Each structure stands twice: as structure tokens, then as C-alpha cells.
Amino acid sequence: MLKIAIVDKMHQDGINLLKNNPKFECEVIDDLSKKNLISKLPNFDGITLRRGKIDSEILERCKKLKVISRHGVGFDNVDVKFLKKNNIKLLVTATTTSTSPAEHIMFMILSLSKGISFFDDAVRKGQFGSIMHMKHSNFELSNKKILIVGFGRIGRKLIKRCLGFEMQVFAYDPYVDKKVIESFGGIKFENLNDGLKEADIISLSVPLTKETNNMITLDKIKMMKKNAIIINTSRGGTVNEKDLNEALDKKIIFGAGLDVFEKEPPENDNPLLKNKRVFLSPHAATFTQECLSNMSIETAQNIINFFDNKLDKNSIVKI
Ligand SMILES: NC(=O)c1ccc[n+]([C@@H]2O[C@H](COP(=O)([O-])OP(=O)(O)OC[C@H]3O[C@@H](n4cnc5c(N)ncnc54)[C@H](O)[C@@H]3O)[C@@H](O)[C@H]2O)c1
């Protein structure tokens, strides 16, 4: 019997898929502290991983481990160097984790361009009539320019939605050919700064790497238009939070939408929590009924496919 650790609860659909498979004996691990993971994980052949950090100190004790199946596509919470050295496969939910995030980016863009909950509040407060003659800062998306930073799975879903809103779409991704971006109806920028200067909306869908860490700092924000908004649903750390807060306070740009934070959950004294020019969500871009169910099933199916020798190559992270 193969032992599978389900690290951090996921949707029951995926758990059932593993539990109902006669090959596996499964255990859900909810305590994500390092102490608990060090003591619990050494006996397992496979791990599904949602939240929780799996570093080399934990991994070097897992002598039987053959595969980690991430519930998601980012893998900055796993020591990939250790996996590579020890020939442990890393799998991601490549097919189910882009539609909801792309919709979430649109939700943030629309919330910022239409005043977040301003109208809803106004109706509830009895300001239905008086609001008519107010000066509104809301704006149309039609004819606005968006820069998609990172033209992967999410970027490619996002462009379709933006074109539906009649936006002009630019993309910055040094690893994607100009022709691919053009085939989706976008224009490639070879240089990030050129894109930042031109765009009304900047949306990040890049992995967190040495290269993307602190990609957007105050000097970059200062290049943007005064009416610009930044959306970050990628990973905290790609946008420098202190710099973003300062830029919003000084009205260097119009607003921001953040789904991800340098520290999650953010500390209570994080000034962004009080900043009215930023729209926040709790790393929730995948939190739809469909996405959570489908991701859990894909996470489980990847484990099954691995042990059945039937893996789809798109699920395997090249490390
Ligand atoms: N907020 C959420 O809940 C949530 C959900 C899904 C994914 N994510 C994050 O979004 C990221 C993107 O997801 P995806 O499925 O589109 O990944 P992906 O791997 O399909 O695409 C990422 C793209 O970023 C590009 N890239 C890498 N380094 C870059 C750089 N320095 N500059 C510009 N582009 C660069 C890559 O070439 C690739 O095309 C994930 O890595 C994950 O961290 C967050």
C-alpha cells in the first residue's frame, strides 16, 4: 500500500478520489507547522501540498518520497533544488488553475474602475438621488491599455477577457515569442519599462523567482501613468508593498488590487490594510466552486497518474 499525505485540506472531491483508490492509504495533515511536518511526513510515498512550506530539512527525512503534487501552479513553498537532486517529481494543476484567476483579475479591474462598493454603499445609505451630481472618478475599460506581465496560462485566459472589453493588450514576457502573443491578439513589449509607461492597467501573472522578486518598486511605479492601476494576483514579493503603499498615498498612481501579500496573512499593522486606494482579497483568486473542486481532483489525479505511469507532461514541473 502506498502512503499519501494530503498536506492542508483540499476540496473533498479530490480527497475522495485518493481515499477510494485501493492502492493508497491517505492521511490529511492540517497542522502545517514545521515541527509537525518533520515528524509526520517521513513515512509517505507521495504528498499533495496546498499551503505549508516543505524545505530541505523536512525533505531529507522523507526517504520514501517519490512525488509532490501541488494543489496550484506556484511552487515557491517547495525546495525544488532538493527535489531535482533526489529525483523527486513535482507536479502542478496545470489545466484547472487559470480560468478563475483570470476572472478574479477582471473582478479587481472592474472593482477599481467602477469604485469598489461605492454605489452599493450609496443605495444602502439613502444617497440614491444625491449621487447623481457627484464628480465620479470611475472610468471605462474600453480603449484602455493593459500590460499583462507574464503571458502563461493565466495571461492567455486574461487576454481574451480584456479583448472582450475592447481593451488594447500588451504583454511583457521574455520567454514567450512575439508571434504567440500576436496570435492571441496582443502586442509584445520587449522591455518592461516601455510597457509600464504606456499602460493604464498593469497585471502581474508571473511566478515568484529571483528575477521577479521586487519586480515592481517605487522607481518602476514612478514610470507609470497617474491614472494607472496595478493588479497583483501572482505572489507577494513581486510588488514591493512598502513602495506601493507610498505610491498610493502620494497619488503617484490611481489604485491597486492585491490578492497576494509578502507575508500571508498580512500583519495587522500592514498599512495597506487601511489604504482605501487598494482593493484586497485573501489569496482567493481560485476560490470558486468549480476551481476548488477541479483543482483538488487534478491534484489527486496527478498522484494516481504518477504511480500508474500515465503522467501528462504538462503536469510535470521542469526543474
Ligand atoms: N492568487 C492565486 O490564487 C493564484 C492562482 C494561480 C496562480 N497564481 C500565481 O500566478 C503565477 C502564474 O500562473 P500561470 O499558471 O499563468 O503560470 P505559467 O507558468 O503558465 O506562466 C507564467 C509566465 O510568466 C513568465 N515569466 C517568468 N519570468 C518572467 C519575468 N521575469 N518577466 C515576465 N514574465 C515572466 C513565464 O515565461 C510564463 O509564461 C503562478 O506562478 C502563481 O504564483 C496565483
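1. Aspartate 76 counts as partly exposed, because its relative accessibility is 36%, a value between the 20% limit for buried and the 50% limit for exposed residues. The model under discussion is a predicted one.

2. This aspartate 76 is located in a loop, with strand S4 (67-70) on one side and helix H4 (80-85) on the other. Leaving aside residues up to four places away in sequence, aspartate 76 touches Lys53, Leu208 and Arg235.

3. One of these neighbours deserves separate mention. Between the side chains of aspartate 76 and arginine 235 there is a polar contact of 3.0 Å.

4. A further pair gives a sense of scale. Methionine 167 is separated from aspartate 76 by 91 residues in sequence, and their C-alpha atoms are 32 Å apart in space.

5. Turning to the whole chain, the protein has 12 helices and 12 strands. Its radius of gyration is 21 Å, close to the 20 Å given by the globule rule for 319 residues; the protein is therefore as compact as a globular protein of that length. The C-alpha trace spans about 70 × 50 × 30 Å along the principal axes.

6. Of the 319 residues, 49% are buried. Among contacts with a separation of 6 or more, 60% are between residues 24 or more positions apart.

7. As to the surface, the accessible area of the protein is about 16,300 Å², and carbon and sulfur atoms account for 52% of this area. The protein carries 50 positive and 39 negative charges, and the mean positions of the two sets lie 1 Å apart.

Terms used. Residues are numbered from 1 along each chain as its sequence is written. This is a predicted model: local features need pLDDT of at least 70, side-chain atom pairs count only at pLDDT 80 or more; totals for chains, interfaces and linings use all residues. Side-chain values use heavy atoms; hydrogens and water are left out. Helices (H or I, at least four residues) and strands (E, at least two) are DSSP runs, numbered from the N terminus. The radius of gyration is taken over C-alpha atoms; the globule rule is 2.2 Å times the number of residues to the power 0.38. Buried means under 20% relative accessible area, exposed over 50%, partly exposed in between (1.4 Å probe, protein chains only). Contact means heavy atoms within 4.5 Å. Accessible areas come from the Shrake-Rupley method with a 1.4 Å probe; for residues, only the protein chains shown count as cover. Lys and Arg count as positive and Asp and Glu as negative; His and the chain ends are not counted. The place of a charge is taken as NZ of Lys, CZ of Arg, CG of Asp or CD of Glu. A polar contact is a pair of N or O atoms within 3.5 Å; within protein, one must be able to donate a hydrogen and the other to accept it, and residues adjacent in sequence count only if both atoms are side-chain atoms.
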